Amino acid sequence: MAEKTSRIAGFYKLPPEERVARVAEIAGLDEAAQAHLRNTGNLDAAAADAMIENVIGTMNIPLGVATNLIIDGEETLVPMATEESSVVAAVSNAARQCRDSGGITTSTSGALMIAQVQLVNVANPEYARLQILEHRAEIKAICDDTDPVLLRHGGGFRDLEVRVLEGRRGPMVVTHLIVDTGDAMGANAVNSMAEAVAPSIASWTGGQTYLRILSNLADRRLVRARATWTLDAIGGEGVRDGMLAAFDFADVDPYRAATHNKGIMNGVSAVTLATGNDTRAVESGAHAYAAQSGQYRPLTRWEQDADGNLTGVLEMPLAVGLIGGATRSHPTAQLCLEIMGARTAERLSRTIAAVGLAQNFSALKALATTGIQKGHMALHAKNIAVMAGATGDEVEAVSAELVKAGTVRVDVAEEILQRLRQ
Ligand code: MEV
């Protein structure tokens with residue numbers, strides 16, 4: 001084993017296999033471990049190497065398909081990449097239970113992204129604000145010239161907003177470039193625009209620009225989903241009332257709202273990841289939006305309609321695209337888009353919103369009735385059976401006994417396995 005060091009000069013220049021060898025030397029990995037890392041599955045090493053730096057392998061996550069979804073009248077299969085059990089089943093169950101009432105209906109506010117330019121060192125920020133607003137036509141021209149391809153596809157600069165903020169180090173004038181990014185997530189496009197516009201803003205105002213970057217609080221790229229679950233479908237008034245009480249809890253308590261929204265993001269992030277989109281951008285946008293009222297709140301809202309049925313709505317920012325980044329370069333992401341039939345970024349975002357709403361329905365229903373552990377147990381029991389050494393048909397047999405016994409533990413699984421093998 002080589003000396004333990006994290007300083008590997010020129011590491012980034014090595015091909016992936018050589019990086020594996022160098023890391024193996026330092027970390028003391030045997031041949032089998034190295035072979036495991038070199039097996040990059042259905043993303044070849046060269047493609048992975050082109051995506052990020054210092055690649056030594058890939059990290060496979062299960063890809064499941066949520067069934068039963070009807071989104072805006074269209075039967076839709078939705079691939080989801082997640083390591084968490086019950087997530088795919090939860091969406092499929094929720095979707096099945098609202099099929100008779102038409103499935104899930106979605107809408108969007110458009111695909112507008114915001115890029116921010118921070119200006120400081122201006123004595124009279126209100127004056128500077130107007131100076132910037134007066135240059136709208138030039139700002140539009142600079143932005144549109146930055147991305148002619150986007151312009152050709154119907155996107156480009158749409159609006160200008162300038163805000164004066166009181167920072168601890170003095171006032172700041174923050175310019176928002178509002179840009180239609182069409183089928184792109186748009187980070188590269190709007191960041192380039194912000195960088196291109198900044199020198200002009202500095203020269204018009206005599207101030208100094210610092211940050212030029214998109215905002216992940218994409219509140220002009222909102223997606224909405226709504227659905228009705230009939231009393232019959234969900235199992236009666238008791239279940240509905242429990243679910244409404246669960247929503248009420250989240251609406252008044254940020255401790256609960258964080259978990260409520262985590263459940264929504266189980267679905268949202270899984271589809272975002274499956275399509276090669278930026279999960280962190282979507283997550284930061286969702287949580288910032290949830291806190292916009294000054295209190296962190298749920299992204300969904302639940303009510304009962306005039307007939308007593310349960311209705312749910314979700315509204316959240318969703319900055320996802322079909323072009324750029326891993327969406328294009330990851331072959332699995334391309335297949336996932338094909339499976340769900342998303343030919344526009346808008347359709348993809350609507351699908352993600354529908355999944356988020358369905359996910360929340362199932363979580364609230366489980367929590368308001370049997371609790372979530374029961375549902376988890378079946379899959380958990382399978383994992384425990386495998387850990388105890390079960391293979392093939394034994395896995396099902398051992399896990400079924402574990403669930404029946406109500407004690408899902410490795411030692412119990414080992415006993416069952418021994419008994420079965422005798
Ligand atoms: C677990 O990953 C998600 C839940 O905790 C969500 C919720 O509590 O609403 C079940």
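The exchange below concerns the ligand site and His330 in a predicted model.

Modeller: Local features need pLDDT of at least 70 and side-chain atom pairs count only at pLDDT 80 or more, while totals for chains, interfaces and linings use all residues. Residues are numbered from 1 along each chain as its sequence is written, and side-chain values use heavy atoms, with hydrogens and water left out.

Biologist: What makes the contact of Glu84 with the ligand a polar contact?

Modeller: A polar contact is a pair of N or O atoms within 3.5 Å. A polar side-chain atom of Glu84 lies 2.6 Å from a ligand oxygen atom, so the pair meets the cut-off of 3.5 Å. For Lys262 the distance to an oxygen atom of the ligand is 2.7 Å, and for Asn266 it is 2.9 Å.

Biologist: How much of the ligand does the protein bury?

Modeller: Taken alone, the ligand exposes 300 Å², of which the protein buries 86%; areas come from the Shrake-Rupley method with a 1.4 Å probe.

Biologist: Which helix gives the most to the shell around the ligand?

Modeller: That is α11, with 6 residues; a helix here is a DSSP run (H or I, at least four residues), numbered from the N terminus. Both α11 (254–274) and α15 (345–368) supply at least two shell residues each.

Biologist: How do you know that His330 touches Leu43 and Met51?

Modeller: Contact means heavy atoms within 4.5 Å, and His330 has such contacts with Leu43 and Met51, not counting residues up to four places away in sequence. His330 itself lies in the loop between α13 (326–329) and α14 (331–340). Its side chain reaches the backbone nitrogen of Thr332 at 3.2 Å.

How values were computed. Polar contact = N/O pair within 3.5 Å; in protein donor to acceptor, adjacent residues only side chain to side chain.
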